[in-house]
Amino acid sequence: MKRPLDILKRSAPILLALGCSAMAMAQDSSAKKTLLLTPIYTTVNNQVQYAGVRAKTKIEKKFQPVPQLAVSFFLDGSDAKNLVGKAVTNAKGEAMVPFTPSMQERFNATTAHTLTASAEATKEFDASSADAAFSRSKITIDTADGRTLVVTITKMNDKKDWVPVKDVELKVGVRRQASLLPVSADDATYTTDSLGQVTAEFKRDSLAAGPKGQLILAAVVEENDAVGSLSVEKSVPWGKYVAPVDNFDRRTLFATRQKTPVWLLFMAYSIIIAVWGVIIYLVRSVFRIKKIGMA
Amino acid sequence: MIWTGILLVLAAFGAFAYFLQLKDGLVVTHMRDYVSWGIYISNFVFFVAISLVGSLITAVFRLVDVHWSTPLTRIAEIIAVSAIVFASLIIVVDMGRPDRFYNLFIYGRLQSPIMWDVIVIGTYFFISLLLLYFPLLPDIKFLLTAKDSATKGWNKFYRAIGGFWKDTPEQHRIANRGIAILCITIIPVAFSIHTVTSWLFATTYRPGWDSTNFGAYFISGAFLVGSGAVLVAMYVFRDAYKLQRYITEEHFDKMSKIVVLLALLYLYFNINEYLVPAFKMKKPEEAHLLELFTGEFAPLFWFAIFTGMMIPIFILLFKKGRKPLPAFIAGVMVVVGAWFKRYLIVTPTLLHPFLPMHDVPKSYLHYFPSWQEWAIAIGSLAGALLVITFFARIFPIIPIQETLTEQHEKAA
C-alpha cells in the first residue's frame, strides 16, 4: 500500500499545477478579447475631411475585423464638444464619418491635430480608445507638361506655410470602375522626394474613356503616419472614346417582332406557306371527292 | 358504360378544378417562382410525345410498304388526334389569363420557340385530322350500308361527312393521292412538333435542358411512348370489340419488337443525356444531377428508367412476352414511365437554376402539385381517352376497306 501512496504524494503538486493551469485557461477563454483600434484621417480632393477607424481583434492568433462595433470620433480631445461623429463598423471592421461644417472650421483653425477613435465596453470587448496625430496636408496633381503627371504632397507647418513632405508612398493611376489602374505598366507605387513630389509618365494609350475622351487621374496615399489618407482626382482628355455597339434596333433573335431577322421570316413563312398549301390542296381534294360523289 | 362513366366523372372533376383555377387564379396551383412549369407542362410534353405515333404507324410504315400495320393505323391516328387536342388545351390551362391568349397572335414574336410550337401544333392537328379522315371515307360507306345499327342522328352525321363516297375509281385516285401526300407531309411536321417542343427547354440555359441533343432525345422518347400506347390500345380494342381476327398475335409480336427497338434507342439517348453530364459533374449542374440520381427525385427517376424502358425491354425481348397480355402490361409500363419521365424533365431542372433566387419562401424550393393540378391533369388524360372511346363507338376502329383490300391481296 505504501507504493501507491508515495506515487500519489509525489504527483500531487503536478496534479495541482495542472488543475490550476486548466482553471486559468478556462478563465482566459471567458475573458474579453483585446480590441485594436486604428484611427484613420482621410482627406478627399483637399476639401472634405473624414474621421475613420479600423477595428481588429486577435482570434486564434490571427487578426480578424470586428464588425458591428459602435465607435465615436473626437478631434483634439475626448470631450463631448470635440465629437466629430459616431459610426458602426462594417463587415471589414471599418467605419468613417465626414467632418461637420463646425468641426471643419475648428480643423482649419490650427495646423496639428489629434484624431481619437473610442469604443465603449461591450460583451466581447473592454472599452478601448486610440489616438493618431496628423497635420493639415494636401495633395495636388499637375499635368501641365504633356502626358506627365506631377503629384505634390505638402503639409502646413506651425507658421502656416505649406511645406513639402518627403518619403510618402502613394499610388498614381486612372480611376476605373473597381480599382486604380496604374498609369504605366511598370510602376504602380511611388515615393515623394525632398520636394514632396513624384513624377509619373502616362503610358496608357487608347484607354477607353467617356465621349470626350476624359479619364479620371487619381493619386492616393493610404494611412501615412505624417499626412493620414489623402486622395485627389483630376479629369484629363487622354482617353479614347469607344462608341458602344448597339444591337437594339437591329434585326436579331432577341429583338421585337418588328425586327425579326429576314432569314427567319423567309424560312418560317416558306415552311408555313408550303405546308399550309398542302393542307389547302388536300381540303380541296375532299371537295373534289364530294363533287364527284354528288354528280 | 362503366369505363365511359369513370372517364366522364374524371373529366368533369378536372373541369371543375379548372373552373376553380379560373376563378381564383394560378395561386390554387403549387407553381411558384421556382417551378413555373409544373405538372401541366409535363402533361403537355407527354401529349405531344404520344401524338407522334400517328406519323410512325401510318406514315412511315405506309411509305416503306409495311402492310401488317394496316389494322393499327386508325388506332394510331385517333390517339394522335386526341393527344394533340389535349396538348393544345393543357397549354391554355397553364396560362394564368387564358382570356389574353389572342395576344400571342397579335403580339407574338416569330423569334420565339413558343410561337413555333403554336404554329406547328396547329398544323400537325390539321394534318392528323386529314390523315384520319381520308382513309375513313370508304368505311363510312360501310356504316351507311348498315343503317339499322345506328340511330337516325348518327346516320345523318355519317351522310354529312362521307355520304358522297361512291367508291368510284376517280374518288379512290384522289383519296390515295391525298393519303400519299399526307404521309410525306406529316413526317417532317411530326418531327418538327416534338423538336420544337424540346427546344422550348433546350433554348433555355438551365441544368438538364442545356443540351444540343434534346430534339433527337425527345423524338425517340415520343415514338416509344406512342408505340407503347398503341400496344395498350390494341389489347383493349381487341378485347372489347372482339377483333382477334384483325388484331392478331402477330401484330402484338411485331409491335412489341418495335417497342423494344424504340426503348433501346431511347435508353441510348438517356445514357447520353445523363451519363455525360454526370461524368463531368459541373458544379452548377451537380445539385440537379444528384437530386435525380440519389436525392429527392431518385425514386421517381429510377422508376421511370426501369418501368418506362428496362422492364418493358426485358419482357418484350422474349417471344412469350410478346403475347397480347404481357405486351399490354409492357405497354402500360412504357406509358406510365413516360409520363413520369416528362415530369422529371420539367420539374427538377426548375428547382435548380444556375442563379438561385434570394429571399424566397422555403416552400418554393419544393414542388408537389396541388389537388387542382392533379385533377386537371387526370381530367385531361381522361378527356383524351374519352375522345378515343367515343371515336371507337361511332367509327370502325379497324380500317375496314384497307384491311379487306390487304387481305384480298394477301390471299391472291
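**Exercise 1. Find which strands pair with β10 of chain A, and trace the residues that stand opposite one another.**

Solution. Start with strand β9 (residues 137-142) of chain A, which is joined to strand β10 (residues 148-156) of chain A by 6 bridges in the antiparallel sense. Strands here are DSSP runs of E with at least two residues, helices are DSSP runs of H or I with at least four residues, and both are numbered from the N terminus; two strands pair if DSSP finds at least two bridges between them. The model is a predicted one, in which local features need pLDDT of at least 70 and side-chain atom pairs count only at pLDDT 80 or more, while totals for chains, interfaces and linings use all residues. Residues are numbered from 1 along each chain as its sequence is written, and chains are lettered from A and ligands numbered from 1 in the order in which they are written.

Next, locate a partner: Ser137(A) has Lys155(A) of β10(A) as its bridge partner. Lys155(A) also stands opposite Val163(A) in β11(A), and strand β11 (residues 162-164) of chain A runs antiparallel to β10(A), with 3 bridges between them. The hairpin of β10(A) and β11(A) has 5 residues between the strands, and Lys160(A) takes a positive phi near 65 degrees there.

Finally, turn to β15(A), which pairs with β10(A) in the antiparallel sense over 5 bridges; there, Gln197(A) is the bridge partner of Thr152(A).

**Exercise 2. Work out the strand order of the open sheet of 4 strands in chain A, and say which strands stand at its edges.**

Solution. The order is β5-β4-β7-β8 (chain A), and the pairing is antiparallel. At the edges stand β5 (83-88) and β8 (128-135) of chain A, and because each has a single partner strand, one side of each is left without a neighbour in the sheet. The twist averages 20 degrees from one strand to the next. As a detail of the pairing, strand β7 (residues 112-119) of chain A is linked to β8(A) by 8 bridges in the antiparallel sense, and Ser118(A) stands opposite Ser129(A) in β8(A).

**Exercise 3. Describe how domain 1 of chain A meets domain 2 of chain A.**

Solution. First set the bounds, which come from an automatic or database domain assignment: chain A is divided into domain 1 (35-135), domain 2 (137-241) and domain 3 (247-284). The C-alpha centres of domain 1 of chain A and domain 2 of chain A lie 26 Å apart.

Then take the contact, where two residues count if their C-beta atoms, placed from the backbone, lie within 7 Å: 10 residues of domain 1 of chain A touch 17 residues of domain 2 of chain A. On the domain 1 side, β1 (35-44) and β8 of chain A each supply at least two residues, and β1(A) gives the most, with 5 residues. By class, that side has 4 nonpolar, 6 polar and no charged residues, where Ala, Val, Leu, Ile, Met, Phe, Trp, Tyr, Cys and Pro count as nonpolar, Asp, Glu, Lys and Arg as charged, and the others, Gly among them, as polar.

**Exercise 4. Decide whether Ser206(A) and Lys242(B) are buried or exposed, and describe their backbone.**

Solution. Apply the rule that a residue is buried if 20 or more other C-beta atoms lie within 10 Å of its own, exposed if 12 or fewer, and partly exposed in between, with C-beta atoms placed from the backbone. Ser206(A) has 10 C-beta neighbours inside 10 Å and therefore counts as exposed, and Lys242(B), with 9 such neighbours inside 10 Å, counts as exposed.

For the backbone, recall that most residues other than glycine have a negative phi. Ser206(A), in the loop between β15 (197-201) and β16 (208-209) of chain A, has a positive phi near 55 degrees. Lys242(B), in the loop between α9 and α10 (249-280) of chain B, has a positive phi near 50 degrees.

**Exercise 5. Give the number of residues in the contact between chain A and chain B, and the classes on the chain A side.**

Solution. The contact takes 18 residues from chain A and 24 residues from chain B. The chain A side divides into 12 nonpolar, 3 polar and 3 charged residues.

How values were computed
Axes are lines fitted to C-alpha atoms, for helices over the stretch in contact, and angles run from 0 to 180 degrees between N-to-C directions.
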